[in-house]
Amino acid sequence: MEAKEANDVAMTFWEHLEELRRRIIIAAITIGIFTVLCLSFSGPIEKVIMFPLGTSMNTLIASAIDAIGGSEGSISGFLAIMMRAGTSNVNAELMKVGPLEGIMAFLKIGITAGILLSLPINIYQVWAFVFPALNREERRFAIPLFLIILTFFILGAAFAYFIVTPVVLQFSAQLYPEMPNRWDLQNYVSFITRLILGFGIAFELPIVMAFLSRIGVINARGFREKQNYALLGICVMSALLTPADPWSMLLMAIPLFILYQLGIFFAYLVEKEQEVYG
């Protein structure tokens, strides 16, 4: 067994380079296949993109209450009715302002959906490239860590899609009510995809913090002492990863600061694990 582990790690530089090239090719082909499939079934994906435009947060919350157990005549059922009573869809019209607008939006939707759907396979390619270099103790955590990374990305993307996007669209549509809401189709698609990808990446913050603690860059105590600087950095990162409006930036910054606290806890667990296993 130890001989096998030695063979896994004892690769020359060119063998590592060849392995990296192979993984990149597989990832590119995977993205290409999923992109073609998404472009072939653009109808359902278009409905997914347009969903936040016709759905308010009140509707989503009321549906969640019904799913949990809201029934007529109960307090939860009454609450769901009240939530739906205040529902109003976003009063906006999407427009194609040029001959290539529809084509570019079509391609952007297909490519983004292809990247998102191929993400589990591509994360696995990265992990498969790194895995042989890990020792036996580190390999114990490989699969759980892979699942944690994937879960946090999905949570971030879902948070952006179901919570942030409807709130920001509703807020934007209600500003300057005397002006009609005619939004450019490509800008709308860019807004949705940027939010989803941005939040998915941003929700990996606790994993990054745990990794920094694992390699000895900074420990949990250091993270706690630098919370003020972290808050400033979170605000800057939120401004870069979200569209240029303060509302979506705030909706990212608040969860990120909560995730920062979770990252401190993850760093603490990593330190305890190192103390136990050396």
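The exercises below concern a predicted model of one protein chain, and each is followed by a worked solution.

**Exercise 1. Overall description**

Determine how many helices and strands the protein chain has, and what share of its residues is buried.

Solution.
1. The secondary structure consists of 13 helices and two strands.
2. The chain has 278 residues, and 36% of them count as buried.
3. The accessible surface comes to about 16,600 Å², with 71% of this area belonging to carbon and sulfur atoms.
4. For contacts between residues at least 6 apart in sequence, 81% join residues at least 24 apart.

**Exercise 2. Confidence of the model**

State the mean pLDDT of the protein chain, and identify what the model shows for residues 1-9.

Solution.
1. The mean pLDDT is 77, and 77% of the residues reach 70 or more.
2. Over residues 1-9, pLDDT stays under 50.
3. For this segment, residues 1-9, the model has nine contacts beyond four places in sequence.

**Exercise 3. A salt-bridge network in helix α2**

Identify the residues that are linked with Glu19 in a network of salt bridges, and classify each member as buried or partly exposed.

Solution.
1. The structure holds five salt bridges.
2. One of them pairs Arg22 with Glu19, whose closest N and O atoms are 3.2 Å apart.
3. Another joins the side chains of Glu19 and Arg23, with an N to O distance of 2.9 Å.
4. The network therefore comprises Glu19, Arg22 and Arg23, given that a salt bridge requires a nitrogen-to-oxygen distance within 4 Å.
5. Helix α2 (residues 13-40) contains both Arg22 and Glu19, which are three residues apart, about one turn of the helix. Glu19 and Arg23, also in α2, are four residues apart, again about one turn.
6. The limit for a buried residue is under 20% relative accessible area. Glu19, at 18%, is therefore buried, and Arg23, at 15%, is buried as well.
7. Arg22 has a relative accessible area of 38% and is partly exposed.

**Exercise 4. Phe129 and helix α2**

Determine which residues Phe129 touches beyond four places in sequence, and relate them to the network of Exercise 3.

Solution.
1. Phe129 lies in helix α6, which covers residues 101-130.
2. Its contacts beyond four places in sequence are His16, Glu19, Leu20 and Arg23.
3. Among these, Glu19 and Arg23 are members of the salt-bridge network.
4. Phe129 and Arg23 are 106 residues apart along the chain, yet their C-alpha atoms are separated by 7.3 Å.
5. Phe129 is partly exposed, with a relative accessible area of 28%.

**Exercise 5. The kink in helix α6**

Locate the kink in α6, and describe the surroundings of the proline that follows.

Solution.
1. Helix α6 has 30 residues and reaches 41 Å from its first C-alpha to its last, close to the 44 Å expected.
2. A kink of about 55 degrees lies at Leu119, shortly before Pro120.
3. Pro120 is also placed in α6, and its relative accessibility of 31% counts as partly exposed.
4. Beyond four places in sequence, Pro120 is in contact with Phe146 and Leu150.
5. The C-alpha atoms of Pro120 and Phe146 are separated by 9.1 Å, the two residues being 26 apart along the chain.

**Exercise 6. A salt bridge between the strands**

Explain why the salt bridge of Arg182 and Glu93 ties together parts that are 89 residues apart in sequence.

Solution.
1. The side chains of Arg182 and Glu93 meet in a salt bridge, at 3.8 Å from N to O.
2. Arg182 belongs to strand β2 (residues 182-184) and Glu93 to strand β1 (residues 93-95), so the pair connects parts 89 residues apart in sequence.
3. Glu93 is partly exposed, at a relative accessible area of 44%.

**Exercise 7. Helix α9 and the loop after it**

Establish how many residues of α9 are buried, and which residues Glu204 touches beyond four places in sequence.

Solution.
1. Of the 18 residues of α9, 13 are buried, so this helix is largely enclosed by the rest of the structure.
2. Its end C-alpha atoms are 26 Å apart, in agreement with the span of 26 Å calculated at 1.5 Å a residue.
3. Glu204 is found in the loop between α9 (185-202) and α10 (205-214).
4. Glu204 is buried, with a relative accessible area of 13%.
5. Beyond four places in sequence, Glu204 touches Ile149, Phe152 and Phe153.
6. Glu204 and Ile149 are 55 residues apart along the chain, and their C-alpha atoms are separated by 6.6 Å.

Conventions. Residues are numbered from 1 along each chain as its sequence is written. This is a predicted model: local features need pLDDT of at least 70, side-chain atom pairs count only at pLDDT 80 or more; totals for chains, interfaces and linings use all residues. Side-chain values use heavy atoms; hydrogens and water are left out. Buried means under 20% relative accessible area, exposed over 50%, partly exposed in between (1.4 Å probe, protein chains only). Contact means heavy atoms within 4.5 Å. The expected span of a helix is 1.5 Å times one less than its number of residues. The bend at a residue is the angle between axes fitted to the seven residues ending there and the seven starting there. pLDDT is the predictor's confidence in each residue, from 0 to 100. Accessible areas come from the Shrake-Rupley method with a 1.4 Å probe; for residues, only the protein chains shown count as cover.
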